[in-house]
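Okay, thanks for making room for me today. Let me put the model up, and then I'll walk you through a few parts of it.

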Amino acid sequence: MHININIEIEQYLTKGSFGHIYLGNVSSNDTNDLLYNKVVVKVDKNISSVVWECYIHTLLKHRSIATDSSMYARHYLEPICLILYSNVSVMCMEYAVYGTLHDTIIELSKQKLSVKEHELVCLHFANDMMQVLGHLHQHGIIHSDIKTNNWVVKKDQETSKLLLMLIDFGKAKDVLVSSGQTNIIYTGSSSARGFKCPAMIEGSPWSFEADYYSALVCIHQSLYYQPMSTITRVTIDEVKRFGYTSDARIAGPYVIPTTSIKRYWNREVWSTLYYTLLNESSIPSALQTVTQMLQASVSLQAAGVIEALRILTNYLQKI
Ligand SMILES: Nc1ncnc2c1ncn2[C@@H]1O[C@H](COP(=O)(O)OP(=O)(O)O)[C@@H](O)[C@H]1O
Ligand SMILES: [Mg+2]
């Protein structure tokens, strides 16, 4: 069906890497009917990157249909329209009213949630991230620019829980692009400063594990409100002292964070998450173990998680 649309800009939101982001409405030019209220309008000079972003969404949605289409609807914001001009592209998508994870973490740091509520919020976000990355990677896509500004926060209509939605697929890689192989590796820098995995910094090849490292930096920021730093070349004894009690699947030396797990946090869950994402993120069974552990921990404390998210939601400003 061919429709003429009219995009009305209501408000400036923020600066993007290659353009500006606005809040607007989409209406039909023929009937004047409002088609979409409050959408994000991304006006971007890097046309090829936005076209690629829309293409990745199409791939991901299509590949998800066979397995779990609800995951796509739950954690991604499908582009509504893309208009290409000679020097600029305009893309519209649903607006996540609570803004980015970066904004949410700043608000979290200012508010007086109890230590338990703070941990439960972080646990919920960490669980969301692991679910989304598991889904993304299962369908052959590496985001490769995971950072707190590329997660936006929305309220789930059914459960009223805050949900993390992954945006900005301009640098995403499709590992299935050549004959369905999933063992393709990449070189070169992709993620933002502070979110790059060690291989990316060293100029060594990287793959899916780059996303897990960046996600861990996001989780770390939500827990400690500061950038993550690590100690490399540590022994298994130091790994155990850090709190990881299961057997290592790889030979050392190992990497652990410089921060220790707070005594009032769930030591087993957090130490397993840090250890796995810093050391064993290319081992599917290790990722599965930690993903299941997070999911079980969230389920076990479901009432507490809902209450902590309700309190946080009250503090968040809807833009
Ligand atoms: N759907 C959205 N809902 C809310 N804010 C958004 C949305 N999309 C983008 N933004 C805001 O715009 C910023 C830039 O958008 P993004 O798609 O990441 O483009 P860029 O490639 O310029 O980083 C985001 O970090 C976020 O602050
Ligand atoms: Mg971005």
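Let's start with helix α6, which is mostly covered: 15 of its 16 residues are buried. One thing to keep in mind is that this is a predicted model. So how does the span of α6 compare with what you'd expect at 1.5 Å a residue? The helix covers residues 209–224, and those 16 residues should span 22 Å; the C-alpha atoms at its ends are 22 Å apart, so the two agree. Right after α6 comes Tyr-225, which takes a positive phi of about 60°.

Now step back to the other side of that helix. Ser-204 sits in the loop between α5, residues 198–202, and α6. Is Ser-204 buried or exposed? It's exposed, because just 11 other C-beta atoms lie within 10 Å, and the cut-off for exposed is 12 or fewer. So we have an exposed serine in the loop, and then a helix with 15 of 16 residues buried. Ser-204 also has Ile-185 for you to look at: 19 residues away in sequence, and 9.6 Å away in space, going C-alpha to C-alpha.

Okay, zooming out to the whole chain. It's divided into domain 1, residues 5–94, and domain 2, residues 101–317. Their centres, taken over C-alpha atoms, are separated by 26 Å. As for how they meet, 16 residues of domain 1 are in contact with 13 residues of domain 2. On the domain 1 side, α1 (47–65) and α2 (69–75) each supply at least two of the touching residues. Which one gives the largest share? That's α1, with 10 residues. And if you sort that side of domain 1 by character, you get 8 nonpolar, 4 polar and 4 charged residues.

Last stop, the sheet. There's an open sheet of 5 strands, paired antiparallel, in the order β1-β2-β3-β5-β4. β1 (5–15) and β4 (79–84) are at the edges with a single partner strand each, so each has one side left without a neighbour in the sheet. On average, neighbouring strands here are turned by 25° against each other, if you ignore direction.

Let's look at that β4 edge a bit more. β4 is joined to β5, residues 89–94, by 5 bridges, and the two run antiparallel. If you want a spot to click on, try Cys-81, which stands opposite Cys-92 in β5.

That's my tour, happy to rotate things if anyone wants another view.

Notes: Residues numbered from 1 in each chain as written. Chains lettered and ligands numbered in written order. Predicted model: local features only at pLDDT ≥ 70, side-chain atom pairs only at ≥ 80, totals over all residues. Helix = DSSP H or I, 4+ residues; strand = E, 2+ residues; numbered from the N terminus. Expected span 1.5 Å × (residues − 1). Buried ≥ 20, exposed ≤ 12 C-beta atoms within 10 Å, placed from the backbone. Domains from an automatic or database assignment. Contact = placed C-beta atoms within 7 Å. Nonpolar A, V, L, I, M, F, W, Y, C, P; charged D, E, K, R; others polar. Pairing = 2+ DSSP bridges. Axes fitted to C-alpha atoms, helices over the stretch in contact; angles between N-to-C directions.
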